[in-house]
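Here are some exercises to work through with the structure open beside you. Try each task before reading its solution.

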Amino acid sequence: ESADKGEYRHYMLKEIYEQPKVLRNTLQGRISKTQVLEEAFGAEAKAIFDQVESVQIVACGTSYHSGLVAKYWMEDWAGIPCYVEVASEFRYRKVVVPKNSLFVTISQSGETADTLAALRSAKEAGYLASLTICNVANSSLARESDLSFMTLAGPEIGVASTKAFTTQLVALQLLSIALGRRHNLSSDKEQALVSALHQLPQLCEDVLALDDTILHTSEAFSEKHHSLFLGRGVQYPVAMEGALKLKEISYIHAEAYPAGELKHGPLALVDSDMPIVAVAPNDDLLEKLKSNLQEVQARGGKLFVFADKNSGFVNDESTVVINLPHVDDSIAPLVYTLPLQLLSYHVAVLKGTDVDQPRNLAKSVTVE
Ligand code: G6P
């Protein structure tokens with residue numbers, strides 16, 4: 001029974017651990033060995049995708065963060081402009097709609113009031129077509145959109161979204177590739193991206209095996225009141241999602257910053273009382289990130305770095321390094337999300353909060 005906690009103490013933990021399986025399910029039948037099978041987006045997808053020249057993504061909360069990650073993929077791989085906005089802002093402003101723009105909503109529930117209202121206003125505004133990436137078949141968003149892609153995360157009970165987020169990211173990769181084919185993306189590159197997706201579930205298993213280390217790390221957070229999450233490039237929205245998880249369930253103030261902006265404000269907050277989390281895969285921005293982190297150390301900040309094992313970080317009195325397996329850049333945002341989910345979970349358990357039902361929050365915000 002999927003709505004049962006089974007051996008787990010909380011739904012959230014169960015849902016974190018389900019990720020390898022639900023990622024596999026979401027990919028199943030949607031990719032071949034080498035290609036995206038774009039029929040997964042619906043029978044009319046092909047004709048619509050042929051016309052798309054830009055993408056507008058609208059969502060709320062964690063689903064918004066998956067949209068922010070997708071912007072990097074859409075512009076890098078597909079070479080088309082991608083705009084991302086929270087639904088509560090989008091719905092109330094005058095929007096200039098570019099020609100042949102695809103309107104994309106992302107939602108676990110398919111019932112979030114602002115996202116649904118944004119879709120309805122987009123229909124009047126002259127977008128080419130609407131697509132929803134959604135976890136609930138037959139939800140309002142699925143019914144009212146021209147195209148839909150179902151994430152197959154299964155029921156998500158914990159208020160803080162986990163497995164819905166990573167399955168959304170997979171869906172957004174498939175969308176970026178499907179649109180990319182019609183623009184900048186070569187079939188060799190598609191093949192490389194699809195092959196990384198095939199490796200993803202196993203890599204997630206490997207990262208979940210770090211749970212004991214992360215549990216130990218969480219002790220450094222439970223007595224703190226503030227924390228900073230840093231990332232660069234596509235890892236910046238991953239840092240945002242990590243910070244959101246921590247504040248939602250542990251009630252610790254957590255703020256994400258693109259590491260390159262540190263000097264423009266947050267560095268003033270750094271002292272030994274504020275733990276600083278950094279996401280550091282071995283990518284093109286690693287050296288830039290390292291020099292940002294040195295600034296933090298120089299001011300007495302305590303660093304917790306989730307790093308590629310080949311990134312060259314070492315443990316010392318100011319730095320705790322949690323080594324992750326080396327992963328392809330394309331899937332790094334998914335893989336690096338998991339340890340941040342586990343970190344927030346363990347901090348919340350240590351603090352004794354109601355992990356699955358945090359105060360003041362609802363699973364689905366169906367009224368404005
Ligand atoms: C609420 C939930 C979040 C979720 C957000 C958007 O705030 O607590 O976990 O990310 O709504 O929900 P949706 O169902 O549209 O993804």
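## Exercise 1: Backbone angles in two residues

Tyr-251 sits in the loop that joins helix 11 (235-250) to strand 7 (253-258). Keep in mind that this is a predicted model.

**Task.** Decide whether Tyr-251 is buried, partly exposed or exposed.

**Solution.**
- Start with the backbone: Tyr-251 is not a glycine, yet its phi is positive, at about 60°.
- Next, count its surroundings: 16 other C-beta atoms lie within 10 Å of Tyr-251.
- A residue is buried at 20 or more such atoms and exposed at 12 or fewer.
- Tyr-251 is therefore partly exposed.

**Task.** Now classify Asn-360 as buried or exposed.

**Solution.**
- Locate the residue: Asn-360 belongs to the segment after helix 13.
- Check its backbone: Asn-360, also not a glycine, has a positive phi of about 70°.
- Asn-360 is exposed, because it has 6 C-beta neighbours inside 10 Å.

## Exercise 2: Two loop residues and their partners

**Task.** Work out what surrounds Ala-259, and whether Ala-259 is buried or exposed.

**Solution.**
- Ala-259 lies in the loop linking strand 7 with strand 8 (275-280).
- Ala-259 counts as buried because it has 30 C-beta neighbours inside 10 Å.
- Beyond the neighbours within four places in sequence, its contacts are Leu-230, Gly-231, Arg-232, Leu-289 and Asn-292.
- Take Gly-231 as a check: 28 residues separate it from Ala-259 in sequence, but their C-alpha atoms are 5.5 Å apart.

**Task.** Do the same for Val-136: is it buried or exposed?

**Solution.**
- Val-136 is part of the loop between strand 4 (129-134) and helix 7 (140-144).
- The count for Val-136 is 20 other C-beta atoms within 10 Å, so this residue is buried.
- Apart from neighbours within four places in sequence, Val-136 contacts Ser-109, Gly-110 and Ala-142.
- The C-alpha atoms of Val-136 and Gly-154 are 8.5 Å apart, with the two residues 18 places apart along the chain.

## Exercise 3: Helix 4 and the ligand

**Task.** Find which helix gives the most residues to the shell around the ligand, and describe that helix.

**Solution.**
- Helix 4 (residues 61-78) gives the most, with 3 residues.
- The shell has 16 residues, and the nearest are Gly-61, Thr-62, Ser-107, Ser-109 and Thr-112.
- By type, the shell splits into 10 polar, 5 nonpolar and 1 charged.
- Helix 4 itself spans 25 Å between its first and last C-alpha, close to the expected 26 Å for its 18 residues.
- Follow the axis and you meet a kink of about 25° centred on Ala-70.
- Of the 18 residues in helix 4, 14 are buried.
- After helix 4 comes Gly-79, with a positive phi near 70°.

## Exercise 4: Helix 9 and the core

**Task.** Say where helix 9 bends, and what covers its buried residues.

**Solution.**
- Helix 9 (residues 187-208) reaches 32 Å, close to the 32 Å expected for 22 residues.
- The bend, about 40°, is at Leu-200, and Pro-201 follows within four residues.
- Its buried residues include Leu-203, Cys-204 and Val-207.
- The cover over the buried residues includes helix 2 (19-27), helix 8 (163-180), strand 10 (319-324) and helix 13 (332-351).
- Val-335 touches Leu-203, Cys-204 and Val-207, along with Leu-324 and Val-327.
- To finish, place Val-335 in the largest nonpolar core, which has 126 residues: Val-335 and Ala-278 have the most contacts inside it.

Note on methods
Residues are numbered from 1 along each chain as its sequence is written. This is a predicted model: local features need pLDDT of at least 70, side-chain atom pairs count only at pLDDT 80 or more; totals for chains, interfaces and linings use all residues. A nonpolar core is a set of buried Ala, Val, Leu, Ile, Met, Phe, Trp, Tyr and Cys residues joined through C-beta atoms within 7 Å. Two residues are in contact if their C-beta atoms, placed from the backbone, lie within 7 Å. A residue is near a molecule or strand if its C-beta atom, placed from the backbone, lies within 6 Å of it. Helices (H or I, at least four residues) and strands (E, at least two) are DSSP runs, numbered from the N terminus. Ala, Val, Leu, Ile, Met, Phe, Trp, Tyr, Cys and Pro count as nonpolar, Asp, Glu, Lys and Arg as charged, and the others, Gly among them, as polar. The expected span of a helix is 1.5 Å times one less than its number of residues. The bend at a residue is the angle between axes fitted to the seven residues ending there and the seven starting there.
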